[in-house]
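Please read this report alongside the sequence and the coordinates. The topics are aromatic pairs, salt bridges, a pocket and strand pairing.

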Amino acid sequence: MNAKVNDPSFKIKVGLSGHVCMYLQKVLKRDEKGSPIELSSPDKVADFRNLITNRGLDKFGDEGNIGDVCFVGSSNTTPAVTDTSLVSVVASENVNSAVNSIVAGNYASTTRSYIFPEGEAEGNLQEIGFGDGTVGAQDLFSRALIKDEFGDPTTLTVLSNEVLTVTWELRIRIPTGDANLTVGGYSITLRPAANGTYGNVVSGNLGWRTDAFNSTSGRHYLYSGALGTEDVLPSTAVYYSNSVPWTLGSYTPGSYTRQATQVVPIDSGLAVIQCGAFMWGPVCYQYQISPTVDKTGGDKEITLTIETSWARDGEL
């Protein structure tokens, strides 16, 4: 007999936002060849949110090329969700470093840094964007006008002896609250999990991330104990694996929604299962099944089909 808890239709919504900081440093000392060897302390000259484009939302669902390149330009044309490139590019730089972090119960983030060497971004800058591609063939995830401390568009003048450093933080808003579903005779409670942990599939840490929804990798845990609060996981793990792949549904551009299915095999987690937990893309959730699923006989598999949707933070 092969009994299944099949297609619970879990529906998960997340919000995305981008945050930009810009810093200038002057060259104070050079070596005998004229190369900079000492810079002034970084002067923070801008701090503002940017617009995630429609193309960016599509990339988050199907490609994952989010912020490999930073572009700066000189146009003050108002950003639109349909933008795919800057209007007038001055310079571009590939990402220099990336740091992951989490604000418990609020958002997961990845902050990327981009360094424009002395003279490269010289000029009057008014626009900025992040994505991938080249100056001549940009594919932007986000775009913004550079803004002053009051949130108004401004012009940032970069001198020939200045180094420009840009940081761009992508945040994934962590949802709160339970979803209660009834599927195939089972009552399912779905709840965010580990909302203070940045997740890592390889190391086995369940938690929230900024990964896109194009990944087939993920972890799945099964538990015999009760559902946990939103900052932890259920109790008493009886099975875990980082090799239970997700089978992805097709993605339709402009839909900003996608399904994925994960199957815990018949011969795995041979216990009475009350709860489970999983990661896919940026999300980490736990679920409780009632009545419990008795997998001790090796004749039942658990199949999860979840549906996710995403938007600019505040639009869901």
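Is Phe60 buried or exposed? Phe60 is buried, because its relative accessible area is 0%. This is a predicted model.

## Aromatic pairs

The whole structure holds 14 aromatic pairs. One of them joins Phe60 and Phe213. The two rings meet edge-to-face, 5.6 Å centre to centre, with 85 degrees between the planes. The pair links distant parts of the chain. Phe60 sits in helix α1 (residues 54-62), and Phe213 sits in the loop between β15 and β16 (220-223). In sequence they are 153 residues apart. Phe213 is also buried, with a relative accessible area of 0%.

Another pair is formed by Phe141 and Trp168. Their planes stand at 70 degrees and their centres lie 5.8 Å apart, so this pair is edge-to-face. Phe141 belongs to strand β11 (residues 137-145) and Trp168 to strand β13 (residues 162-173), so parts 27 residues apart in sequence are tied together. Both Phe141 and Trp168 are buried.

Phe60 and Phe213 also belong to one aromatic cluster. Its other members are Trp246, Tyr251, Phe278, Trp280, Tyr287 and Trp310.

## Salt bridges

A search of the whole structure gives 18 salt bridges. One of them pairs Lys59 with Asp139, with the closest N and O atoms 3.3 Å apart. Lys59 lies in helix α1 and Asp139 in strand β11, so the contact ties together parts that are 80 residues apart in sequence. Lys59 and Asp139 are both buried. They are also part of a salt-bridge network with Arg55, Glu63 and Asp132.

Arg209 and Asp211 form a salt bridge at 3.4 Å, N to O. How do its two ends differ in burial? Arg209 is buried, because its relative accessible area is 5%. Asp211 counts as partly exposed, because its relative accessibility is 30%.

Asp299 and Lys300 also meet through their side chains, at 3.6 Å from N to O. Asp299 is partly exposed, with a relative accessible area of 22%.

## The largest pocket

How much space lies in the largest pocket? The answer is about 210 Å³. Asp211, from the salt bridge with Arg209, is one of the lining residues. The lining also includes Gly64, Ile66, Ala98, Asn100, Thr110 and Arg112. Tyr198, Thr210, Ala212, Asn214 and Ser215 line the pocket too.

Two strands, β7 (97-103) and β8 (107-116), each supply at least two lining residues. By class, the lining has 4 nonpolar, 6 polar and 2 charged residues.

## A hairpin and a buried strand residue

Strands β14 (residues 179-183) and β15 (residues 186-192) run antiparallel and are joined by 5 bridges. Asn180 has Thr189 in β15 as its bridge partner. The hairpin has 2 residues between the strands. Gly184 in this hairpin takes a positive phi near 55 degrees.

Ile306 is placed in strand β22 (residues 300-312). It is buried, because its relative accessible area is 0%. From Ile306 to Glu63 the C-alpha to C-alpha distance is 19 Å, and the two are 243 residues apart in sequence. Glu63 is the residue already met in the salt-bridge network.

Definitions and conventions. Residues numbered from 1 in each chain as written. Heavy atoms only, no water. 1 Å grid on protein atoms, 1.4 Å probe; cavity = no way out; pocket = protein on both sides within 12 Å on 5 of 7 lines; lining within 4 Å. Points joined across faces, edges and corners; volume = space filled by probe spheres on them. Helix = DSSP H or I, 4+ residues; strand = E, 2+ residues; numbered from the N terminus. Nonpolar A, V, L, I, M, F, W, Y, C, P; charged D, E, K, R; others polar. Pairing = 2+ DSSP bridges. Buried < 20%, exposed > 50% of the residue type's maximum accessible area, 1.4 Å probe, protein only. Phe/Tyr/Trp six-rings, centres within 6.5 Å; stacked < 30°, edge-to-face > 60°. Salt bridge = Lys/Arg side-chain N within 4 Å of Asp/Glu carboxyl O.
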